[in-house]
Amino acid sequence: MQASPSNLLVLIPLLPLVGAILNGVLGRRFLKPAAVHTIACGAMAGAALLSWAVFFQLVGMEPEGRALSQEVFAWIRIGSFHADYALWVDPLSAVMCLIITNIGFLIHLYSVGYMQGDPSYYRFFAYLNLFVFAMLNLVMGDNLLVMFFGWEGVGLCSYLLIGFWFSEEANAVAGKKAFVTNRVGDFGFALGTMLLFAALGTVGFQEINHQLAGAAPPSKGLLEAAALLLFLGACGKSAQIPLYVWLPDAMAGPTPVSALIHAATMVTAGVYMIARLNGLYFHAELASQVVLWIGAATALFAATIGLVQNDIKKVLAYSTVSQLGFMFVAMGAGAYATGMFHLMTHAFFKACLFLGSGSVIMAMHHEQDMRYYGGLRKFMPWTYRTFLVATLAIAGVPFFAGFFSKDEILLWALGSERGHAGAWLLASAAALCTAFYMFRILHMTFWGEYRGLPPERLHAHGHDDHGGGGHGGDGGHGHGGGAFVPKESPWTVTVPLVVLAALSAVGGFLGLPAGLLGHHANLLEGWYEPIFAHSHVSLQHAFHNPGAEAGLMALSVAVAAAGIALSFYLYRTRPALPGELAKRFAVPYRVLLQKYSVDEAYEAGIIRPILVGSREVLWKVVDVVAIDGLVNLVGGGLKALGRGLGRLQTGDAQVYAMWMTGGLTVAVLVTIAIL
Amino acid sequence: MGSNLLNWVLALPALGALALIFMPRGRVDLYRTWSLGVMIAGFLVSLGIWFGFDPADTGMQFRSHADWVPAWGLNWDVGVDGLSLLLVMLTTFLGPVVVLGAWNSVDKRHKEFFAHILLLQSAMLGAFVATNLFVFYLFWELMLIPMFFLIGIWGGEQRLYATVKFFLYTLVGSMLMLVAIVWLYREVQAQAGIWSLQYADVYGLEIARRAQMWLFAAFAVAFAVKVPMFPVHTWLPDAHVQAPTAGSVILAGVLLKMGTYGFLRLAMPLFPQAALAAKPLILTLAVVGIVYGALVAMVQPDIKKLVAYSSVSHLGYCMLGLFVFNLQGASGSILQMVNHGISTGALFLLVGVIYERTHSRRIYEYGGLAGIMPLYAVVFLIVTMSSIGLPGTNGFVGEFLVLLGAFLDGYSQWEAGGSLLSFTFVAVAALGVIFGAVYMLWMVQRVFFGKPNLSRHTRLPDLSWREIAVFAPLLVAIFWIGIYPSTFTRKMEPSIQAWLHQIEKGLEHTVASPQPEAASLGRH
């Protein structure tokens with residue numbers, strides 16, 4: 001595709017970078033909180049406006065030529081290896097830019113309320129802006145190296161923000177875990193990049209897709225390998241089996257971070273990467289199967305853990321892992337536009353859910369255990385309404401955003417040439433769990449009777465969690481031991497919630513089912529058409545009729561309904577039953593509650609052995625005993641020799657010179673003789 | 001000054017040291033201000049070389065020649081090319097940083113201390129710019145003496161053990177190298193009829209494969225000790241831990257590069273057939289060093305020892321990049337030498353900063369430092385990111401190019417019918433990138449996050465203006481190389497091409513036993 005040059009593009013990531021630098025350098029000493037958030041939100045607003053401008057510029061262009069590019073400067077050039085700092089915006093990256101900057105802006109606004117009074121206010125906004133800078137590079141990069149720059153950059157920001165309240169050791173540990181787990185994925189990403197360069201002689205996305213769209217690709221095996229290596233990177237960043245373990249722990253970060261980074265944007269990077277390299281994954285059928293099955297397995301696996309968690313953010317975290325699994329199911333099935341569709345709707349409703357949970361957590365003095373919630377609906381009407389809408393969206397209730405996108409994924413999981421009934425079954429079961437655990441949150445948090453915090457937990461939380469910072473929205477609550485009343489959050493919190501809830505309600509209409517309503521109904525698919533034109537995977541013949549699609553749709557509505565009904569039965573009709581079930585099925589319940597003990601297995605099977613082996617064998621035996629032992633032996637030997645030769649030590653320089661010359665001559669003669 | 005520019009760069013620190021000796025006693029401020037001035041002057045003069053350097057000319061530039069004993073071919077001869085330019089600049093760049101960083105770090109015999117640092121500076125520069133083996137060996141040995149004293153006089157409690165170990169290791173290598181140099185001296189006479197140790201003359205030798213093996217081995221041992229490569233690395237942790245901060249910075253920043261530079265300048269182009277034959281062995285030791293250094297670094301309780309072992313790992317990348325015999329690998333390797341000098345130099349300086357405040361280097365004694373010394377924490381974190389190769393910092397560019405070079409090498413072998421095992425080296429080396437993140441971030445977590453473990457460490461002054469001045473240039477370099485490496489790579493690329501060409505030519509001489517690998521010298 002030919003792109004039109006545009007000097008505007010670099011400004012989009014540059015604005016948040018400038019914001020980050022200003023706040024980072026001047027924030028501590030010179031800027032008042034109001035100045036800090038004006039700079040940060042202003043940078044985001046600017047980036048959002050520019051993204052809209054670029055978007056409308058694309059809309060005004062011919063569909064086939066919709067792309068803008070900018071060569072900013074030469075980055076790494078050695079021999080034939082060229083990786084310039086160049087940006088590329090086409091329909092795919094334009095949508096990502098819009099999601100990142102607009103949802104990013106809302107979350108910045110929300111943070112003004114959420115982080116109010118934190119002593120490191122400036123630092124928070126500096127990191128958040130820096131994150132947006134890196135994320136924009138990830139999606140706007142014209143080649144794999146710029147993407148990798150963003151890819152590891154968002155990882156750094158994630159690390160910094162998870163451990164934002166670093167005086168709690170646990171937060172710092174979670175941040176490190178996220179970084180290191182992602183590094184395992186990046187190992188694959190880097191090798192995949194190198195393999196593509198070796199095989200195709202380029203790391204540019206357009207050249208790669210172009211070469212693969214043309215004649216027969218060089219070698220199928222190579223492409224499969226590259227696709228698998230890159231997918232390892234996706235498993236890290238997008239929290240898929242086996243590298244998902246960092247994401248639930250990442251909830252240690254402030255809630256706006258969970259919403260922006262660990263739900264709406266960063267974790268979808270793996271999905272975006274596959275969409276960006278659709279030419280590669282189109283040819284890599286085996287790798288696509290792996291993507292499909294990992295996605296489906298992750299979707300169900302994480303959803304089952306979400307069934308029993310009591311920490312509201314943990315449920316949402318596992319839900320995110322699960323929903324990302326859905327997106328990978330779509331990518332594996334070759335439904336690239338569909339995967340991107342779900343990425344977008346998920347960004348709406350999951351950001352809304354996380355921000356809503358943050359609003360609740362604020363009102364509840366940083367208690368995250370839902371067992372102390374209940375009946376919050378009457379205290380926090382806006383938080384409740386928006387949370388409800390987003391829950392309907394994620395549960396797949398008809399006409400809400402998630403309904404259309406999830407339904408389409410299920411259709412492709414079963415009906416695609418690359419689909420499989422087993423994967424469809426896993427994903428459908430995950431959808432059932434999703435509806436159940438989301439309504440479980442509603443039951444435990446907003447509906448029923450307010451249970452409230454016992455005094456000892458009231459004091460265990462709140463300010464000391466955050467290095468002494470107070471928080472917005474709780475100014476009126478007494479700390480004196482008396483019962484406090486949860487209160488609705490300020491407008492900076494509720495406005496973003498309302499906007500996101502609205503998007504969760506109607507966002508699905510951008511991608512109405514084409515099979516039922518004709519292709520023009522699916523605006524997004526048409527928008528992405530030029531991107532995925534050469535990577536067309538079809539539905540199997542049997543699924544080409546509207547009846548099949550309608551039938552599947554009815555089935556998935558039934559699945560959602562079943563999950564919701566079950567939640568009502570367990571938490572409304574028979575509220576004692578969940579406890580009884582937990583007792584009767586104690587073993588499976590514990591397994592789920594313990595998250596299948598995967599962390600413990602990694603600890604015992606990988607981390608411990610490496611640590612102990614390094615300390616007890618490599619260091620204390622190989623280095624200290626073996627190598628140094630030998631050195632000391634030689635040293636000791638020389639010392640003894642020295643004592644013997646001491647008699648030669650006469651103090652006469654001439655004699656020394658004679659010995660030296662003699663020794664040298666012998667050495668030389670010996671060498672010559674050997675040669 | 002013209003063609004004397006290089007001589008001035010070399011002589012300035014040594015002359016500065018000489019002047020120090022005649023200064024009145026007890027004037028500590030005078031000594032260090034003088035030394036700083038000399039180092040800054042040295043750097044400024046070296047900028048003349050940087051800007052005057054013509055990348056397209058792959059020969060020695062800024063040549064300076066003086067006859068000493070012409071009949072025996074023992075002459076003064078120096079110059080720079082694209083292989084040594086960056087290392088020269090690294091040395092002059094680190095000079096002022098080292099002096100400023102060592103401002104308050106010693107409490108005795110100040111005059112001698114700074115004199116040794118200045119003398120060491122000249123010696124290291126001399127080895128980089130030597131254009132004959134005689135001058136090279138002279139400086140190679142000369143730089144041992146100040147280093148020896150720096151550790152031996154101003155070092156920690158076990159400085160004697162460390163010094164002896166350092167000396168023993170180096171001595172073995174140096175002796176072998178000396179023998180090999182003498183052999184080459186005789187061979188030049190035999191083949192060309194002149195007594196000469198000029199690089200140009202020894203490069204032109206035709207040496208039988210068997211002889212190459214022995215000579216390569218002699219040089220390789222000397223250089224491998226310096227690098228240091230696994231398993232001859234155990235002198236380094238001791239030397240680093242015992243050395244004063246300035247000693248550690250110079251050791252890590254410049255001195256270790258003598259080893260890799262030796263391979264680059266001498267061992268590989270002089271004995272290409274032997275180098276190629278040794279390739280599997282060297283690559284094995286390099287990647288073992290990468291992973292081994294990282295794993296052992298992970299479990300160190302002493303920050304300085306951790307950084308020392310991380311050097312073993314990082315220098316492994318440099319060796320890997322050199323011995324894959326391609327453009328990306330060699331460029332990455334030289335860049336990584338510079339990067340390591342900057343990042344690890346910075347890390348040792350950072351360790352020195354808290355050591356001066358607390359007199360402890362034990363990780364478990366710290367905690368929560370980010371809340372106590374926020375600016376220090378920021379600098380430490382940036383340097384950490386550089387050390388673990390985050391894109392946007394210098395570490396990434398070097399590491400990525402080295403890995404790319406290794407990957408292309410594996411790929412060409414695989415394409416020529418090799419098995420997937422061809423990718424073993426690059427895969428193992430890339431694992432080191434994961435472990436690198438583990439040991440650095442784990443250390444950062446324990447030192448900077450959480451709550452302070454000792455109450456006496458809860459009130460420590462943040463970076464002073466002097467310390468900010470120490471780190472500012474290093475941070476600039478970290479981002480400059482990370483964001484716009486072309487400034488540096490374009491100065492060296494033609495010289496590396498010429499170097500590869502020279503090696504290839506050396507391999508073509510092999511008439512008797514054609515090497516299957518010879519064809520695989522990747523050209524990407």
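Throughout this passage, a residue is called buried under 20% relative accessible area, exposed over 50%, and partly exposed in between (1.4 Å probe, protein chains only). The model is predicted, with local features needing pLDDT of at least 70 and side-chain atom pairs counting only at pLDDT 80 or more, while totals for chains, interfaces and linings use all residues; side-chain values use heavy atoms, with hydrogens and water left out. Residues are numbered from 1 along each chain as its sequence is written, and chains are lettered from A and ligands numbered from 1 in the order in which they are written.

A good place to start is the sheet of chain A. Helices (H or I, at least four residues) and strands (E, at least two) are DSSP runs numbered from the N terminus, and two strands are said to pair if DSSP finds at least two bridges between them. In chain A, 3 strands make up an open sheet with mixed pairing, in the order E1-E2-E3. Strand E1 (4–5) and E3 are its edge strands, each pairing on one side only. Strand E2 (residues 68–78) runs antiparallel to E3(A), with 8 bridges joining the two. Within this ladder, A:Leu68 has A:Val89 of E3(A) as its bridge partner, and A:Glu71 stands opposite A:Ala86. The hairpin of E2(A) and E3(A) has 2 residues between the strands, and A:Gly79 adopts a positive phi near 55° there. Strand E3 (residues 81–89) of chain A is mostly covered, as 8 of its 9 residues are buried.

Chain A also carries a nonpolar surface patch of about 750 Å², made by A:Leu8, A:Leu11, A:Leu14, A:Val18, A:Ile21, A:Leu22, A:Val25, A:Leu26 and A:Phe30. Patches are built from residues with over 30% relative accessible area and no salt bridge, like charges being joined within 9 Å and nonpolar side chains (Val, Leu, Ile, Met, Phe, Trp, Tyr) within 5 Å; accessible areas come from the Shrake-Rupley method with a 1.4 Å probe, and for residues only the protein chains shown count as cover. One of the patch members, A:Leu14, is found in helix H1 (residues 11–30) of chain A and counts as partly exposed because its relative accessibility is 35%.

Elsewhere in chain A, A:His365 lies in the loop between helix H15 (336–363) and helix H16 (381–395). With a relative accessible area of 1%, A:His365 is buried. Its C-alpha atom is separated by 9.0 Å from that of A:Leu453, although the two residues are 88 apart along the chain.

Aromatic contacts come next. Rings of Phe, Tyr and Trp (its six-membered ring) pair if their centres lie within 6.5 Å; planes under 30 degrees apart count as stacked, over 60 as edge-to-face and the rest as tilted. A search of the whole structure finds 70 aromatic pairs over all chains. Among them, B:Trp68 and B:Trp76 form a tilted pair, 5.8 Å centre to centre with 35° between the planes. B:Trp68 is partly exposed at 45% relative accessible area, whereas B:Trp76, at 14%, is buried. B:Trp480 and B:Phe488 make an edge-to-face pair, at 6.1 Å centre to centre and 70° between the planes. Here B:Trp480 is partly exposed at 44% relative accessibility, and B:Phe488 is buried at 17%. Ring pairs also link residues of both chains into a cluster, including A:Trp75, A:Phe81, B:Phe396 and B:Phe400.

Rings take part in contacts with charges as well, a charge sitting over a ring if NZ of Lys or CZ of Arg is within 6 Å of the ring centre and within 35 degrees of the ring normal. A:Lys406 lies over the face of A:Phe326, 5.4 Å from the ring centre. In chain B, the charged end of B:Lys491 sits over the ring of B:Trp50, at 4.7 Å from its centre.

Side chains of opposite charge can pair when their charged atoms come close. With a salt bridge taken as a side-chain nitrogen of Lys or Arg within 4 Å of a carboxyl oxygen of Asp or Glu, the count comes to 21 over all chains. B:Asp81 and B:Arg265 form one of these, their closest N and O atoms being 2.6 Å apart. This pair links distant parts of the chain, 184 residues apart: B:Asp81 is in the loop between strand E2 (74–80) and helix H3 (85–101) of chain B, and B:Arg265 is in helix H12 (residues 257–270). Both B:Asp81 and B:Arg265 are buried.
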